[in-house]
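Thanks for agreeing to look at this one with me. My notes follow as numbered points, best read with the model open beside you.

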Amino acid sequence: MATPHVPAARNALRILSLLSQSDAPLSAARIQRELELPRSSTYHLLRELEHCGFVVHLANPGTYGLGPAAYEMAAAYTTQQPLVRLAAKDLEAIAAHIGGSTHLSRMAGSEIVYVHEARAPKAVSLVTEVGVRLPALSTASGRAMVAHLPDTEVKAVFSTSGEHGTFSAVRARLKLVRERGWDEEREEVSRGQESVAVAVLDHLGRPAAALAATFAAGSRDDGERAEVVGRLSAAARRVAGKFFGGAGTPVRTHLS
């Protein structure tokens with residue numbers, strides 16, 4: 001086996017893998033013994049993993065188990081992959097129709113992370129590639145999702161987003177987004193480009209993802225943009241219906 005370039009990172013992942021395979025929390029001594037790690041390294045890694053939320057230390061009886069961050073990561077994986085599969089065909093069709101790009105993104109704290117992109121032939125390359133994270137309140141996709149969160153969670157997103165506006169202004173914008181069911185932005189993310197986005201809502205009405213379409217700014221009139229919103233909304237309802245068993249939220253696609 002090749003020597004790892006970052007042994008600390010590899011050993012941290014080995015600890016998480018071991019904990020995930022155990023049906024009960026493990027002591028540091030057992031983790032050290034099972035993985036054949038130095039005692040000091042074991043405790044240093046466990047403290048760092050605990051600080052980041054990936055493990056929890058149970059003082060009595062002095063054992064370690066998986067933390068909430070590990071469960072969130074697992075939940076994100078099991079959710080986003082089926083969502084991508086369900087939405088990919090629609091997103092490819094919409095990208096071809098507009099001659100631009102479409103994306104599926106998900107919330108990650110006060111940011112969104114792009115997990116899928118479909119791009120029409122000759123469409124410009126955008127900053128919003130798979131894996132890129134952007135502040136949620138600075139994107140149409142993010143606002144489309146945040147608009148469906150409870151007010152306490154909206155405040156948390158706002159307080160950690162670095163947003164320069166006032167909370168009252170953000171809340172008013174999100175109220176509009178929630179009422180009409182979609183959001184838009186022009187050159188807020190990419191110069192010369194504009195986007196429209198809708199949320200995919202789960203069975204509890206919470207945002208599971210967002211579907212967005214991006215095209216050249218000013219290239220589509222109000223009616224054409226409303227058509228794109230309608231296509232995204234229909235795709236969001238199909239994905240929600242297949243994955244969560246819901247019909248989705250009605251969307252007003254006329255431009256106000």
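1. Let me begin with strand pairing: two strands pair if DSSP finds at least two bridges between them. Helices (H or I, at least four residues) and strands (E, at least two) are DSSP runs, numbered from the N terminus. With that in hand, V56 stands opposite G65 in strand 3.

2. A word on the ground rules. This is a predicted model, in which local features need pLDDT of at least 70 and side-chain atom pairs count only at pLDDT 80 or more, while totals for chains, interfaces and linings use all residues. Residues are numbered from 1 along each chain as its sequence is written, and side-chain values use heavy atoms, with hydrogens and water left out.

3. The three-stranded sheet is a good place to start. It is open, has the order 1-3-2 and pairs in the antiparallel sense. Strand 1 and strand 2 are the edges, each having a single partner strand, so one side of each lacks a neighbour in the sheet. Helix 1 (residues 7–21) packs on this sheet and touches strand 1, strand 2 and strand 3; contact here means heavy atoms within 4.5 Å. The direction of helix 1 makes about 85 degrees with that of strand 3. Such angles run from 0 to 180 degrees between N-to-C directions, with axes as lines fitted to C-alpha atoms, for helices over the stretch in contact.

4. Now the registry within that sheet. Strand 2 (residues 55–58) and strand 3 (residues 63–66) are joined by four antiparallel bridges, and L58 is opposite T63. These two strands make a hairpin with four residues between them, and G62 in the turn has a positive phi of about 75 degrees. On the other side of the pairing, strand 1 (residues 26–27) runs antiparallel to strand 3 over two bridges: L26 has Y64 as its bridge partner, and S27 stands opposite T63.

5. The second sheet to check is open, with six strands in the order 6-5-4-9-8-7 and antiparallel pairing. Its edges are strand 6 (133–135) and strand 7 (183–186); each has a single partner strand, so one side of each is left without a neighbour in the sheet. From one strand to the next, the twist averages 30 degrees. Strand 5 and strand 6 pair antiparallel over three bridges, with I112 matched to L134. Helix 8 lies across strand 7, strand 8 and strand 9, at about 25 degrees to strand 8.

6. Which residues touch the most other members of the largest nonpolar core? They are L104, V196, V200, L211, V228 and L232, out of 28 residues. A nonpolar core is a set of buried Ala, Val, Leu, Ile, Met, Phe, Trp, Tyr and Cys residues joined through side-chain atoms within 4.5 Å. Helix 4 (68–98), strand 5 (111–119), strand 8 (193–201), strand 9 (207–216) and helix 8 (222–244) each supply at least two residues, and helix 8 gives the most, with eight. Leaving out residues up to four places away in sequence, L211 has contacts including A87, L91, V196, V200 and L232. A second, separate core has 19 residues, among them Y114, L134, V157 and F167.

7. Please also look at H148, in the loop between helix 5 (140–146) and helix 6 (151–159). H148 is buried, with a relative accessible area of 16%; buried means under 20%, exposed over 50%, and partly exposed in between (1.4 Å probe, protein chains only). Beyond residues up to four places away in sequence, H148 touches R178, A199, L201, G205 and P207.

8. Last, the rings. The charged end of R180 sits over the ring of W182, 3.8 Å from its centre, and R220 lies over the face of F215 at 5.8 Å from the ring centre. The criterion is NZ of Lys or CZ of Arg within 6 Å of the ring centre and within 35 degrees of the ring normal.
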